[in-house]
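Please go through the terms used to describe this model and show, for each, which value earns it.

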Amino acid sequence: MIAQRLLRPDLAAIEVYQPIVPFEVLAERLGRPIGDIVKLDANENPYGPPPGALAALAAGRHYHIYPDPDANGLRQAISRYTGAPASCLLAGMGADELIDLVLRAVLMPGDVVINCPPSFGMYPFSTAVNGGRTVAVPRRADFGLDAAGIAAAVAAEPRAKVLFVCSPNNPDGSVVDDATLRRLLALPLLVVLDEAYIDFAEAEGFSSRLSWVAEHDNLVVLRTFSKLAGLAGLRVGYGAFPDWLLPHLWKIKQPYNVNVAAAVAAVAALEDGDWLRDKVGRLVAERERLARELAAFGFLQPYPSRSNFVLLRVVGRPALALKRALEEEGVLVRHFDKPGVDNCIRVSAGRPQDTDRLLAALRAIIAREASHE
Ligand SMILES: Cc1ncc(COP(=O)(O)O)c(C=O)c1O
């Protein structure tokens, strides 16, 4: 068979990553117009890009020219926004590309990546695609990292090379504290700190560790415009990398990885700092309202979150059935049924009217159940 002869045998064993169902497909399946669907399943920013970014996109005149391979203008803008020197920054087609790029640079087939589930699914996925082996050190029941367990796994795995730490963690929203992070950085591997949601935690006084990259030669920090700036559809993220790694990432990345539109929108978005901060504040407030109002139903138990979503354990009923019933009402949430997040749903913070729709849908579901009893 041709596949057996030509295909990498380890690819057959890779679990398919389940991305979200496209908006249009779902709208058609549910028989509703797109505008009627409340999308709280992928931690997107419902406010969309800042007006300045939309204006810059409309005014752009160079979409027929290949992008700057060095993304100089974007990296300068990120440098001004974060305070990190542009020389340590690399932009990518979303943080997703940078997760893959780091693994491509460091993994030899069979090398080990430590993952701390429940966490972001792209870490084990990209590890497998790059021929690595994931060793899981599960988080504790409160979603805190098991630092001793991680150290033991590193000691037991001479081929351990990378540790992924997501803070705030997707899907629960917990943050890693300084002491734990320092302890992990003392281990002999590369720590990739994924700060995709850090802007929401920063609004509540937690700090980004982007500046730590200058002091730790085994730390990478990744960030994205998807959540902060409503640019998930344009795919743009960035990272700060240590000196020894960065030149090799430059060497192996696709030359035109950040497209012209993404760079135009991202630069303009960063100029609209007040707008971004205002929306982050609104989303954090809405997350708190969500947690409070959902808890009042009695069968939903929220976990504390520092991000733009809230994880809820569903008690006394199947979470999957609840997710599906909400979908029928035009409200999308994410369902989990893995160790540590069994029978859970994750709800992204939306606009106040999105929360209103979710609450109304839940009331409708309960009323329907009561009328069938
Ligand atoms: C923890 C985490 N990291 C990275 C990403 C992906 O970011 P991007 O859209 O920049 O690829 C996500 C998206 O959901 C995420 O949850």
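The questions below take the ligand surroundings, then the charged pairs, then burial and backbone.

Q: What kind of model is this, and which parts of it are used?
A: The model is predicted; local features need pLDDT of at least 70, side-chain atom pairs count only at pLDDT 80 or more, and totals for chains, interfaces and linings use all residues. Residues are numbered from 1 along each chain as its sequence is written, and side-chain values use heavy atoms, with hydrogens and water left out.

Q: Which residues does UniProt give for the domain annotation?
A: The unreviewed entry places "domain: Aminotransferase class I/classII large" at residues 36-362. UniProt positions are in the numbering used here, feature names are shortened, and annotations may be inferred rather than shown by experiment. In the model, the span 36-362 is 40% helix and 17% strand, with its end C-alpha atoms 16 Å apart. Helices (H or I, at least four residues) and strands (E, at least two) are DSSP runs, numbered from the N terminus.

Q: What makes a residue part of the shell around the ligand?
A: One of its heavy atoms must lie within 4 Å of the molecule. There are 14 residues around the ligand, and A95, D194, Y197, T224 and S226 come nearest. Helices α5 (94-106) and α10 (225-228) each supply at least two residues of this shell; the largest share, 3 residues, comes from α5.

Q: How many residues of the shell are nonpolar, polar and charged?
A: The shell divides into 6 nonpolar, 4 polar and 4 charged residues. Ala, Val, Leu, Ile, Met, Phe, Trp, Tyr, Cys and Pro count as nonpolar, Asp, Glu, Lys and Arg as charged, and the others, Gly among them, as polar.

Q: Why does K227 count as having a polar contact with the ligand?
A: A polar contact is a pair of N or O atoms within 3.5 Å (within protein, one must be able to donate a hydrogen and the other to accept it, and residues adjacent in sequence count only if both atoms are side-chain atoms). A polar side-chain atom of K227 lies 2.8 Å from an oxygen atom of the ligand, so the pair meets that limit. N170 also places a polar side-chain atom 2.8 Å from a ligand oxygen, and a backbone N or O atom of D96 lies 3.0 Å from one. The protein covers 93% of the 400 Å² of accessible area that the ligand has on its own, by the Shrake-Rupley method with a 1.4 Å probe (for residues, only the protein chains shown count as cover).

Q: Where is K227, and is K227 buried or exposed?
A: K227 is found in helix α10. Buried means under 20% relative accessible area, exposed over 50%, and partly exposed in between (1.4 Å probe, protein chains only). K227 has 13%, so K227 is buried. UniProt (unreviewed entry) lists K227 for "modified residue: N6-(pyridoxal phosphate)lysine".

Q: What makes R133 and E157 a salt bridge?
A: A salt bridge is a side-chain nitrogen of Lys or Arg within 4 Å of a carboxyl oxygen of Asp or Glu. The closest N and O atoms of R133 and E157 are 2.9 Å apart, so the term applies. R133 lies in strand β4 (133-136) and E157 in the loop between α7 (147-156) and β5 (160-166), so the pair ties together parts that are 24 residues apart in sequence. R133 is partly exposed at 41%, whereas E157 is buried at 18%.

Q: How do you know that R306 and E204 are paired?
A: Their side chains meet in a salt bridge of 3.4 Å, N to O. R306 lies in the loop between β9 (300-302) and β10 (309-314) and E204 in the loop between α9 (198-202) and β7 (219-224), so the pair ties together parts that are 102 residues apart in sequence. R306 and E204 belong to a network of salt bridges with R287 and E288. The structure holds 29 salt bridges.

Q: Why is D337 called exposed?
A: D337 has 52% relative accessibility, which puts D337 over the limit, so D337 counts as exposed. D337 lies in the loop between β12 (334-336) and β13 (344-348). The C-alpha atoms of D337 and A319 are 8.3 Å apart, for 18 residues in sequence.

Q: Which residues of helix α14 are buried, and what follows α14?
A: In α14 (residues 319-328), A319, L322, A325, L326 and E327 are buried. G330, with a positive phi near 85°, follows α14.
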